[in-house]
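Welcome! Here is a short briefing to help you find your way around this structure.

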Amino acid sequence: MTTPHLKIHPDVAAALAAGRAVVALESTIISHGMPYPKNVETAREVEQIVRDLGGTPATIAIMDGAFQIGLTEEQIERLGNTPDVMKASRRDVGLALATQRLAATTVATTMIGAAMAGIRLFATGGTGGVHRGYQNSLDVSADLPELAQTPVAVVSAGVKSILDIGRTLEYLETLGVPVITCAADEFPAFYSRESGHPSPLRLDAPESIAGTLEAHWTVPGAGGALIANPIPEKDAIAFGEMEEIITRAVNEAEDQGIHGKAVTPFLLARIVELSGGTSLTANIALVKNNARLATEIAVALARIS
Ligand code: PSU
Ligand code: MN
């Protein structure tokens with residue numbers, strides 16, 4: 001299972017070989033989504049949540065010329081505490097592998113690594129989507145076409161309103177990506193449980209989500225799926241409360257001419273700064289909540305597969 005460009009941690013390889021639940025975790029959230037040392041601390045705690053629920057965590061990054069499926073504590077520390085870690089989306093994979101760069105994988109690239117290893121479930125915080133003002137910038141995250149083509153289910157807390165949530169949902173429909181919200185009627189907006197957009201599909205139990213995924217993957221050409229998991233009530237921030245901060249961050253990005261792959265990391269860092277600790281606390285809570293649901297779905301899927 002290990003090739004020059006694919007290195008699977010022995011714990012992950014053993015779980016996969018035995019047909020046990022494995023949950024992929026991304027690394028852009030570590031290197032570009034949260035400040036040090038909370039990023040490393042959270043990455044470790046999220047892995048522990050997966051283990052406690054009977055799964056095997058596989059945090060994914062590109063380093064030393066290979067997709068690393070499952071990282072050591074030392075590798076996670078490197079990703080969280082090295083300046084200028086590369087942010088690798090699909091188009092950057094070849095370069096990151098060939099030049100042996102230390103690269104954090106986005107949702108798109110983590111899906112690719114997961115699929116290469118045979119992992120079906122992946123937990124993260126938020127995914128990319130159609131950016132606000134995309135009419136001028138054409139900024140649509142590579143996460144969306146990846147969801148269309150790579151058969152991995154991504155559990156997220158929806159998308160931040162740095163994105164155009166309505167258009168993101170429209171685009172996912174065009175691409176044929178199932179969007180399932182767990183136990184809620186509305187598609188969630190990351191920090192808040194509401195977005196003003198009804199969810200395309202709702203399922204309430206991890207077992208029914210697993211059953212739907214298993215059936216989805218019998219469809220010829222089926223790609224991934226987006227499982228939206230609303231932030232727990234007690235950790236949520238009212239939609240309006242973050243809106244001012246997010247709008248300010250989006251305007252600053254535009255004024256400063258930030259574009260391309262720098263946009264999302266810029267916005268994520270600015271939102272943490274402008275909100276003080278509030279947004280970071282919510283972010284950590286929702287990532288853990290997503291790891292829980294992803295593990296429950298992975299366990300249910302292992303049972304029926
Ligand atoms: N949204 C978040 N947190 C994140 C990201 C997005 O709320 O950490 C990261 C993910 O790795 C996602 C990437 O795949 O940003 C999307 O970047 P872009 O918009 O450049 O495609
Ligand atoms: Mn983009």
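**Helix α1 and its surroundings**

The buried residues of α1 are covered by parts that include β1 (6-8), β2 (22-25), β3 (56-63), β4 (66-69) and α6 (107-117). Please keep in mind that this is a predicted model. The points below begin with this helix, then turn to the core and the whole chain.

**More on α1**
- Helix α1 spans residues 10-17, and V12, A15 and L16 are its buried residues.
- Viewed down the axis of α1, these buried residues fall within an arc of 100°, so they line one face of the helix.
- In general, an α-helix has 3.6 residues a turn, so residues three or four places apart point the same way.
- Exposed residues P10 and A17 sit on the face of α1 turned away from its buried side.
- After α1 comes G19, which has a positive phi, near 75°.

**The largest nonpolar core**
- This core has 101 residues, and I69, L79, I119, L121, L213, I227 and I297 touch the most other members.
- Helix α13 (residues 278-304) contributes the most to this core, with 12 residues.
- Both domain 1 (1-119) and domain 2 (128-305) give residues to the core, so it lies between them.
- Apart from neighbours within four places in sequence, I297 contacts L121, V155, P206, I209, A210, L213 and I227.

**The whole chain**
- There are 13 helices and 11 strands in the chain.
- The chain's radius of gyration is 18 Å, which agrees with the value near 19 Å for a compact globule of 305 residues.
- Of the chain's 305 residues, 57% count as buried.

Terms used:
Residues numbered from 1 in each chain as written. Chains lettered and ligands numbered in written order. Predicted model: local features only at pLDDT ≥ 70, side-chain atom pairs only at ≥ 80, totals over all residues. Heavy atoms only, no water. Core = buried A, V, L, I, M, F, W, Y, C linked by side-chain atoms within 4.5 Å. Buried < 20%, exposed > 50% of the residue type's maximum accessible area, 1.4 Å probe, protein only. Helix = DSSP H or I, 4+ residues; strand = E, 2+ residues; numbered from the N terminus. Domains from an automatic or database assignment. Contact = heavy atoms within 4.5 Å. Arc of directions from axis to C-beta. Rg over C-alpha atoms; globule rule 2.2 N^0.38 Å.
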